Amino acid sequence: MNDRVLLSVLILTLIVAGASLTQTFILTAAVSDQSSHIDQLAAQFGDLAGIVSSLVPKQNEATTQSNAVYLYVVPDFGGSTYDAFVLAQSFSGNAPNASSRSGTPPNNNITVTHGVPIKFVISNIDTAILQNFTSQVSTPFTIYNDTAAGQVAVQYTQGETVSNLAISHTFTVPDLQIDIPIPPDTMVVFNYTFNTPGVYSYLCTTPCGPGMGLSGYMLGYITVT
Ligand SMILES: [Cu+2]
């Protein structure tokens, strides 16, 4: 083999090796792109997937009295801007459409027994900030936030003043001075013992859209037996 042939073989080898390297690089880039895209989707739809899976197994549970009430605040539950309080156990699996007024409004009415401490767990998947809440606490509550460092609980005690807390909604029972602020993307927990049987309305007082004051959406009733 003379020098010229040797040089040609060398150049050809370099071209083939270079092409193969380029191909490997493109493939690797495509794969890592795709997995970061999947991670992004998972982060974006994590909350939604969470609520769907938590609602589905409870569809057929009886709406019996219980010492714990699990309530979700779902943005746009009844169509665009119709936010709602949703009771997991009475959700039929079909998303209602409040704006067209078709179908039956969802049932978010609660039944509890008087004299028994009831634990309310309100999970808010709405990320909107609609009001700055300032009030003196009459019913103590705890707000749970998920942060990069884990879950952070902030307790509010009776008599304490809440100042300019950024919230999406409230859980308010006007007749009983219950006024619980609900910040975006949080879980709010409080205990309450109803002393007198009767029917009490609960509602959101934050201007959050046409679901306000609409039974089955941002308004429901608590029957105390
Ligand atoms: Cu609201």
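**Figure 1. Ser 80 in the loop between β1 and β2 of the predicted model.** In this predicted model, Ser 80 counts as exposed because 11 C-beta neighbours lie inside 10 Å, and a residue is exposed if 12 or fewer do. Ser 80 is found in the loop that links β1 (68–74) with β2 (84–87). The view also takes in Gly 211, which is 131 residues from Ser 80 along the chain. The C-alpha atoms of Ser 80 and Gly 211 are separated by 10.0 Å.

**Figure 2. The largest nonpolar core and the surroundings of Ala 84.** The largest nonpolar core comprises 35 residues. Those with the most contacts inside this core are Ala 84, Val 86, Ile 122, Ile 182 and Met 218. At least two core residues come from each of β1, β2, β3 (110–112), β4 (117–124), β6 (141–147), β10 and β12 (198–203). In soluble globular proteins, nonpolar side chains tend to be buried together. When residues up to four places away in sequence are not counted, the contacts of Ala 84 include Val 74, Phe 77 and Gly 78. Pro 106 and Asn 108 also touch Ala 84, as do Gly 211, Gly 216, Tyr 217 and Met 218. Gly 211 thus appears here as a contact of Ala 84 and in Figure 1 as the partner in the C-alpha separation given for Ser 80.

**Figure 3. The open sheet of six strands.** The strands of this sheet follow the order β2-β1-β4-β11-β6-β7, and their pairing is mixed. At the edges stand β2 and β7 (150–156), each of which pairs on one side only. From one strand to the next, the twist averages 25 degrees.

**Figure 4. Antiparallel pairs within the open sheet.** Strands β4 and β11 run antiparallel and are joined by seven bridges; in this pair, Ile 118 stands opposite Tyr 192 in β11. The pairing of β6 with β11 is likewise antiparallel, over four bridges. Here Ile 143 stands opposite Val 188 in β11. Between β6 and the edge strand β7, the sense is antiparallel over seven bridges, and Thr 142 faces Gln 155 in β7 as its opposite residue.

**Figure 5. The hairpin of β9 and β10.** Strand β9 (residues 169–173) runs antiparallel to β10, and five bridges join the two. Across this pair, Thr 170 stands opposite Pro 181 in β10. The two strands form a hairpin with four residues between them. Within the turn, Gln 177 has a positive phi of about 55 degrees. Strand β10 is mostly covered, with four of its five residues buried.

**Figure 6. Ser 138 in the loop between β5 and β6.** Ser 138 is located in the loop between β5 (131–136) and β6. Ser 138 is exposed because 12 other C-beta atoms lie within 10 Å, and the exposed class covers residues with 12 or fewer. Beyond its neighbours within four places in sequence, Ser 138 is in contact with Gln 158, Gln 177 and Asp 179. Of these contacts, Gln 177 belongs to the turn of the hairpin of β9 and β10. Thr 157 is 19 residues from Ser 138 along the chain, and their C-alpha atoms are separated by 8.1 Å.

**Figure 7. Positive phi at Asn 164 and Asp 185.** Most residues other than glycine have a negative phi. Asn 164 has a positive phi, near 45 degrees, and lies in strand β8 (residues 161–167). Asn 164 is exposed because 9 other C-beta atoms lie within 10 Å. Asp 185, also a residue that is not a glycine, has a positive phi of about 55 degrees. Asp 185 is found in the loop between β10 (178–182) and β11 (186–193). Asp 185 is partly exposed because 15 other C-beta atoms lie within 10 Å.

**Figure 8. Residues 20–65 in the context of the chain.** Over residues 20–65, pLDDT stays under 50. For this stretch, the model has 18 contacts beyond four places in sequence. The mean pLDDT of the chain is 79, and 69% of its residues reach 70 or more. The chain has one helix and 13 strands, with the helix preceding the strands from the N terminus on. Of its 225 residues, 24% count as buried. Among contacts between residues at least 6 apart in sequence, 65% join residues at least 24 apart.

Key. Residues are numbered from 1 along each chain as its sequence is written. This is a predicted model: local features need pLDDT of at least 70, side-chain atom pairs count only at pLDDT 80 or more; totals for chains, interfaces and linings use all residues. A residue is buried if 20 or more other C-beta atoms lie within 10 Å of its own, exposed if 12 or fewer, and partly exposed in between; C-beta atoms are placed from the backbone. Two residues are in contact if their C-beta atoms, placed from the backbone, lie within 7 Å. A nonpolar core is a set of buried Ala, Val, Leu, Ile, Met, Phe, Trp, Tyr and Cys residues joined through C-beta atoms within 7 Å. Two strands pair if DSSP finds at least two bridges between them. Axes are lines fitted to C-alpha atoms, for helices over the stretch in contact, and angles run from 0 to 180 degrees between N-to-C directions. pLDDT is the predictor's confidence in each residue, from 0 to 100.
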